[in-house]
Amino acid sequence: KGMFSMFKPKSEQKLNDAHFGEDEDAELIAAPNMSGKTFYLKALIMVVLSGLNTGFLPAESGTMPLFDYIVYLDRVTTKLDRNLSALGNEVVLWKKFFNVLKSNMTVFAAACVDEAFSTTSPKYQASLVYAIVMQMIKQGQYLAIASHNHDVLNVLRDLEKDLLTAYTFKIRIDKDTGKVDFDYKLKKLE
């Protein structure tokens, strides 16, 4: 409850909660660009790493299990193998990730996955992300995932609503000035 960054004064932050456990193993985060999705995922990883490494959980309160692996996957921006396409390079990274999952160890992947498979078409991206989310849930792993792909978000929300919770970061647009106001506060997506 009330996660915060250790690198910025607490008074300047919007504190967000993360809920994983008996009733929620996966968080699905759908929100516009610049609304706080990536920052939230990175903060979540930092809180977990800090808690595991120092015993200090940068939050108002919280408990968490021990994890064997912590994984953060972001958009693939660098080619690991020049002979492969962008999707091919992303598949190489996912293959390493699945080898970790096969180990049957407890994994926190706040796979913290930011825009998974954005290197392919939206239709294929939706299918691949759905498969990954369902595999992780089936194995009892924890996952936080952010995406702009509405197809995958809608399918996961509609078909798997008992297995995960969808969240968003709301924005407000001033009708007179057109200015966008970001609140950076995680809320359940209704």
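Hi everyone, let's start in the middle of the sheet: leucine 28 has alanine 166 of strand 6 as its bridge partner. One thing to keep in mind as we go is that this is a predicted model.

That pair belongs to a wider contact between strands. Strand 1 and strand 6 run parallel and are joined by four bridges. Strand 6 also pairs with strand 7, residues 180-188, this time in the antiparallel sense and over six bridges. If you'd like one pair to click on there, try arginine 172, whose bridge partner in strand 7 is aspartate 181. Between strands 6 and 7 the hairpin has six residues, and glycine 178 in this hairpin takes a positive phi near 80 degrees.

Now, back to leucine 28, since it turns up again in the packing. The largest nonpolar core has 24 residues, and Leu28 is among those with the most contacts inside it, together with Trp94, Phe97, Val129, Val133, Leu156 and Leu164. Which elements supply at least two residues each to this core? They are strand 1 (26-29), strand 2 (69-73), helix 2 (86-102), helix 3 (122-138), strand 5 (142-146), helix 4 (150-159) and strand 6 (164-173). Helix 3 gives the largest share, with seven residues. There is also a second, separate core of 14 residues, which includes Met3, Ala31, Phe169 and Leu186.

Next, a residue I'd like you to look at yourselves: asparagine 16, in the segment before strand 1. Is asparagine 16 buried or exposed? Its relative accessibility is 8%, and buried means under 20%, so asparagine 16 counts as buried. And what does its side chain reach? The answer is the backbone nitrogen of leucine 186, at 2.6 Å. Leaving aside neighbours within four places in sequence, asparagine 16 is in contact with Lys1, Gly2, Met3, Tyr40, Phe169, Tyr184, Lys185 and Leu186. You may recognise Met3, Phe169 and Leu186 from the second core.

Last stop, the pocket. Rolling a probe the size of a water molecule over the atoms shows where empty space is left. Here, the largest pocket holds about 380 Å³ of space. It is lined by 20 residues, and Ala18, His19, Phe20, Thr63 and Met64 are the closest to its centre. Helix 1, residues 37-54, gives the most to that lining, with three residues.

That's my tour, so thanks for listening, and please bring your questions!

Notes
Residues numbered from 1 in each chain as written. Predicted model: local features only at pLDDT ≥ 70, side-chain atom pairs only at ≥ 80, totals over all residues. Heavy atoms only, no water. Core = buried A, V, L, I, M, F, W, Y, C linked by side-chain atoms within 4.5 Å. Buried < 20%, exposed > 50% of the residue type's maximum accessible area, 1.4 Å probe, protein only. Pairing = 2+ DSSP bridges. Polar contact = N/O pair within 3.5 Å; in protein donor to acceptor, adjacent residues only side chain to side chain. Contact = heavy atoms within 4.5 Å. 1 Å grid on protein atoms, 1.4 Å probe; cavity = no way out; pocket = protein on both sides within 12 Å on 5 of 7 lines; lining within 4 Å. Points joined across faces, edges and corners; volume = space filled by probe spheres on them.
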